[in-house]
Amino acid sequence: MKKTILTVISTILILLIIVIIANFIRNVFLLKGLIDKNYILENYKYTLSSFTTIRPEEASYVQFYKKGNKGKEVAISGNGEIHHQIFSDNDTNKNYLINQIGEILTDNLEGAGLSKEVPSIKYFSDYPTFNIYSYSLTHIIPTVDIKGRDCIPIELEHELYYIEKDTGYLVRYQTECKEYSDGVLTDGYSIMDYSSIQQNVVTDEDVVIPETVE
């Protein structure tokens, strides 16, 4: 009887070790495969929506375009109208902020335009405390559906990154937040969704600075 119990325990321990090793190997290959997809793009567009679970009705939307040394950002209001646009030109080192009726507000806007790269796995692969091997050993990494896209969730402290398995693109970024709602401090999440990511579709006309600006 005692020998049988020891055999069962030994078998369970062996199976557990096999599962841990298999999970570790699977996670390492999965994460390395995602990081290998981190390449530089010169022609792309995508949409960023930003909102909180506390006030989802206050979501904002920005469309980003880039081709070569030129870029464009289009801020969309809640009613679907263009709020403002930013045209960037690295050749002239200028960023033009234009309001909804086409008037130029400034040609020296810092931190705009071409700084918005296609979001990818590099958002967390260079994270100071992130290590592929330790993360693979201590986590079970599932596949999660985010708006019809198969994603790999990566959790780092209070931040959660959903990386598309096939492309390595960041599909959703989520972090904890606190906000006063109706006079009450409420816990929630701040969410940024990246969608409609397309490569090699932006034309020169998409990013050309309007004649009224020039």
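## An aromatic cluster and its company

Tyr44, Tyr46, Phe64 and Tyr194 come together as one aromatic cluster. This is a predicted model, and across it there are five aromatic pairs. One of them joins Phe130 and Tyr135: their ring centres are 5.6 Å apart and their planes meet at 50 degrees, so this pair counts as tilted. Phe130 is buried, at a relative accessible area of 11%, and Tyr135 is buried too, at 7%.

Tyr161 and Tyr173 make another tilted pair, with 5.2 Å from centre to centre and 55 degrees between the planes. Tyr161 belongs to strand S9 (residues 159-164) and Tyr173 to strand S10 (residues 170-181), so the pair links parts that are 12 residues apart in sequence. Both Tyr161 and Tyr173 are buried.

There is also a charge to look at beside a ring. Lys72 places its charged end over the ring of Tyr65, 4.6 Å from the ring centre.

## The nonpolar core

If you follow Phe130 and Tyr161 further, you arrive at the largest nonpolar core, a set of 27 residues in which Phe130, Ile154 and Tyr161 have the most contacts. At least two residues of this core come from each of helix H1 (2-35), strand S1 (43-52), helix H3 (132-138), strand S8 (149-156), S9, S10 and strand S11 (184-199). H1 gives the most, with four residues.

Tyr161 is a handy residue to centre your view on. Setting aside its neighbours within four places in sequence, Tyr161 contacts Tyr123, Phe124, Tyr127, Ile152, Pro153, Ile154, Leu156, Leu170, Arg172 and Tyr173. Its partner in the tilted pair, Tyr173, is thus found in that list as well.

## The chain as a whole

Stepping back, the chain has four helices and 11 strands. Of its 214 residues, 38% are buried. Among contacts between residues at least 6 apart in sequence, 50% join residues at least 24 apart. The accessible surface of the chain is about 13100 Å², and carbon and sulfur atoms account for 55% of that area.

## Cysteines

A disulfide is a covalent bond between the sulfur atoms of two cysteines. The structure holds zero disulfides. Two cysteines are still worth finding in the model. Cys151 is buried, with a relative accessible area of 0%. Cys177 has a relative accessibility of 18%, and because the cut-off for buried is under 20%, Cys177 counts as buried too.

## Two loop residues with positive phi

Two residues deserve a look for their backbone angles. Lys147 is not a glycine, yet its phi is positive, near 55 degrees. You will find Lys147 in the loop between strand S7 (144-146) and S8. Its relative accessibility is 63%, so Lys147 counts as exposed.

Asn200 is the other one to visit: its phi is positive at about 55 degrees, although Asn200 is not a glycine. Asn200 sits in the loop between S11 and helix H4 (204-207). With a relative accessible area of 63%, Asn200 is exposed. Both loops adjoin strands met earlier: S8 borders the loop of Lys147, S11 borders the loop of Asn200, and each of these strands supplies at least two residues of the largest nonpolar core.

Definitions and conventions
Residues numbered from 1 in each chain as written. Predicted model: local features only at pLDDT ≥ 70, side-chain atom pairs only at ≥ 80, totals over all residues. Heavy atoms only, no water. Phe/Tyr/Trp six-rings, centres within 6.5 Å; stacked < 30°, edge-to-face > 60°. Buried < 20%, exposed > 50% of the residue type's maximum accessible area, 1.4 Å probe, protein only. Lys NZ or Arg CZ within 6 Å of the ring centre and 35° of its normal. Disulfide = S-S within 2.5 Å. Contact = heavy atoms within 4.5 Å. Areas by Shrake-Rupley, 256 points an atom, 1.4 Å probe, with all protein chains shown as cover. Core = buried A, V, L, I, M, F, W, Y, C linked by side-chain atoms within 4.5 Å.
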